[in-house]
Amino acid sequence: MTEAFYIAALIALGATVMVITRLNVVHALLYLVVSLLAVAVVFYTLGAAFAAALEVIVYAGAIMVLFVFVVMMLNMGPGHVNQERRWLSPAVWSGPMMLAAVLLGDMVYLLAGGNIHAERAVAAEGVGVALYGPYLLAVELASMLLLGALVGAYHVGRDDGAGEE
Amino acid sequence: MAAVPMAYAFLFAAALFALGLVGVLVRRNLIFMLMNIEVMLNAAAVAFVVAGVRWGQADGQVMFILVLTMAAAEVAVGLALVLKVHRRRHSVDADGISGMRG
């Protein structure tokens, strides 16, 4: 159990260093996804399985897809086919691939170990009861925040053509 | 969990936060700065979850969900702003927009 925690934490830190030092945005995104997956494994080893699932679904899934969309929108123009070919050469994805493979081995070791549930593990049921009990107002505020972000992002990102150079 | 000392878990969160802070300070590409802000938010969420698990309370994971919501809202507005800057200036350099006045 503890080795799995240390391995995942080291992978997260190493992948984050690679995010900072990459020059290409897409390469950095690959390492950022690995870093978020490693943090999810850290949550799992600590006994917060629900947080680990949310980390994978929302962070590594939804938010990273948003980043990829914007990167692709910024790079429209002639010659982007060659650029994409250069982006995904084996030298580029082998690094994140290796880190993800180590992470997979870590995960398999955890699942094969059997004793997944730490004694202080907090199940999803407890989180849900707390979320819709004492934290109900916070949930409402979060929904207002998301609505504001939706309207704001639409307003700012709208291509109205006025005032553009 | 009992075998992982809480100090190490918090050390991990602090190191992740410091790496994100260094990234924001060092990089001048707006997309990189947004990505490193995500790393910093993630580190704060790790600290919440570690503390919640330490005392066996669900509050840590509830705060994690709220941080997640906030990060999603922040990145949506931030990326819309990046698109706007790129459309106007044809670059995503943070120093390029230092000439904005009011």
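Let's start where the two chains meet: chain A and chain B bury about 5,500 Å² between them, 77% of it on carbon and sulfur atoms (buried area is the accessible area, with a 1.4 Å probe, that two parts lose on being put together, summed over both). This is a predicted model, in which local features need pLDDT of at least 70 and side-chain atom pairs count only at pLDDT 80 or more, while totals for chains, interfaces and linings use all residues. Residues are numbered from 1 along each chain as its sequence is written, and chains are lettered from A in the order in which they are written.

With contact meaning heavy atoms within 4.5 Å, 61 residues of chain A touch 58 residues of chain B. Zero salt bridges are counted between them, taking a salt bridge as a side-chain nitrogen of Lys or Arg within 4 Å of a carboxyl oxygen of Asp or Glu.

Now look inside chain A, at α2(A) and helix α5 (residues 90–113), whose axes lie 9 Å apart at an angle of about 10°; axes are lines fitted to C-alpha atoms over the stretch in contact, and angles run from 0 to 180 degrees between N-to-C directions. Helices are DSSP runs (H or I, at least four residues), numbered from the N terminus. The pair is therefore roughly parallel, a label for angles under 35 degrees. Among the residues making this contact are L30(A), V34(A) and V41(A) of α2(A) and W93(A), L99(A) and L103(A) of α5(A).

Terms used
Side-chain values use heavy atoms; hydrogens and water are left out. Helices (H or I, at least four residues) and strands (E, at least two) are DSSP runs, numbered from the N terminus. Angles under 35 degrees count as roughly parallel, over 145 as roughly antiparallel, 65 to 115 as roughly perpendicular and the rest as oblique.
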